[in-house]
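Me: I'm new to this one and would like to learn how to read it. Can you take me through it feature by feature?

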Amino acid sequence: MAVETITVGAGQLTIGAVADMTNFSSQTTSVKLVPSVDQGDAIAVLSGESVAGDRTESFNLEGTILQDLGATESKTEWLFEHRGETHAFEFVPNTAKGKKITGSLVVEAVEIGGDVGTKPTSDFEFLVIGEPVLGTVAAG
């Protein structure tokens, strides 16, 4: 069996409704969908058997963005201005592979500033609302 891998990029990250989409692709240096699973404790019953605990699953969209405060159509400023809002997103890790992840997330502001003489970056972590959907990129 052959080993299969993927290289992240060239891809795309957009946040917002189709009519008002903001493209973050040129500012992000890292993007990933991160699952988190919580398995509740089993419940013992008198017979000696047990009932499995509840399983819950959640997702975050995490990554790193190059800060661009003051730029025309600044992504740093967009995140600041829309913090706390729920928006649609589409994440395509590699366009050539033809797969995308879509859903809704809660936008959060990112850190602004950094070390003098550097090009600052900020890490982001957005809570995904509901379950993300794995789909296919439309041929274009």
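Me: Which residue in the turn between β7 and β8 has a positive phi?

Reply: Some terms to begin with: strands (E, at least two residues) and helices (H or I, at least four) are DSSP runs, numbered from the N terminus. Two strands pair if DSSP finds at least two bridges between them. Here β7 and β8 make a hairpin with six residues in between, and Gly98 in that turn has a positive phi of about 75°. β7 covers residues 86-92, β8 covers residues 99-106, and six bridges join the two in the antiparallel sense. One pair to look for is Phe91, whose bridge partner in β8 is Ile101.

Me: Before we go on, what sort of model am I looking at?

Reply: This is a predicted model, in which local features need pLDDT of at least 70 and side-chain atom pairs count only at pLDDT 80 or more, while totals for chains, interfaces and linings use all residues. Residues are numbered from 1 along each chain as its sequence is written, and side-chain values use heavy atoms, with hydrogens and water left out.

Me: How do I read a whole sheet, and in what order do the strands of the open sheet come?

Reply: Strands of a sheet pair through backbone hydrogen bonds, either parallel or antiparallel. In this structure seven strands form an open sheet, ordered β2-β1-β7-β8-β9-β6-β3, with antiparallel pairing. β2 and β3 are the edge strands, each pairing on one side only.

Me: Can you walk me across it from the β2 side?

Reply: Sure. β2 (residues 22-23) is joined to β1 by two bridges, antiparallel, and Thr22 in β2 is the bridge partner of Ile15. The β1-β2 hairpin has six residues between its strands, and Gly16 there takes a positive phi near 120°. Next, β1 (residues 12-15) pairs with β7 over four antiparallel bridges; Thr14 has Glu90 in β7 as its bridge partner. Further along, β8 pairs with β9 (residues 121-136) over six antiparallel bridges, with Leu105 matched to Val128 in β9. At the β3 edge, β3 and β6 (residues 55-66) pair in the antiparallel sense over 11 bridges, and the partner of Lys32 in β6 is Glu62.

Me: How many helices and strands does the protein have?

Reply: One helix and nine strands. Along the sequence they follow the pattern β-β-β-β-β-β-α-β-β-β. The radius of gyration of the protein is 19 Å, well over the 14 Å that the globule rule gives for 140 residues, so the protein is more spread out than a compact globule. That radius is taken over C-alpha atoms, and the rule is 2.2 Å times the number of residues to the power 0.38. The C-alpha trace spans about 65 × 40 × 35 Å along its principal axes.

Me: Now single residues: is Thr28 buried or exposed?

Reply: Go by relative accessible area: buried means under 20%, exposed over 50%, and partly exposed in between (1.4 Å probe, protein chains only). Thr28, in strand β3, is buried at 17%. Thr64, in strand β6, is buried too, with 14%. For contrast, try Ser50 in strand β5 (residues 50-51): Ser50 is exposed, with 52%. Over the whole protein, 30% of the 140 residues count as buried.

Me: And what does Thr28 touch?

Reply: A contact means heavy atoms within 4.5 Å. Leaving out residues up to four places away in sequence, Thr28 touches Leu13, Thr64, Ile65 and Phe124. With that same exclusion, the contacts of Thr64 include Thr28, Ser30 and Asp123. Thr64 and Ser30 are 34 residues apart in sequence, yet 5.0 Å apart C-alpha to C-alpha.

Me: Last one: which residues lie nearest the centre of the largest pocket?

Reply: Rolling a probe the size of a water molecule over the atoms shows where empty space is left. On a 1 Å grid over the protein atoms alone, a pocket is an open set of points where a 1.4 Å probe fits, with protein on both sides within 12 Å along at least five of seven lines; lining residues have an atom within 4 Å of a point. Here 13 residues line the largest pocket, and Val8, Gly9, Gly11, Thr28 and Val31 lie nearest its centre. β3 (28-39) is one of the strands that each supply at least two lining residues, and its four are the largest share.
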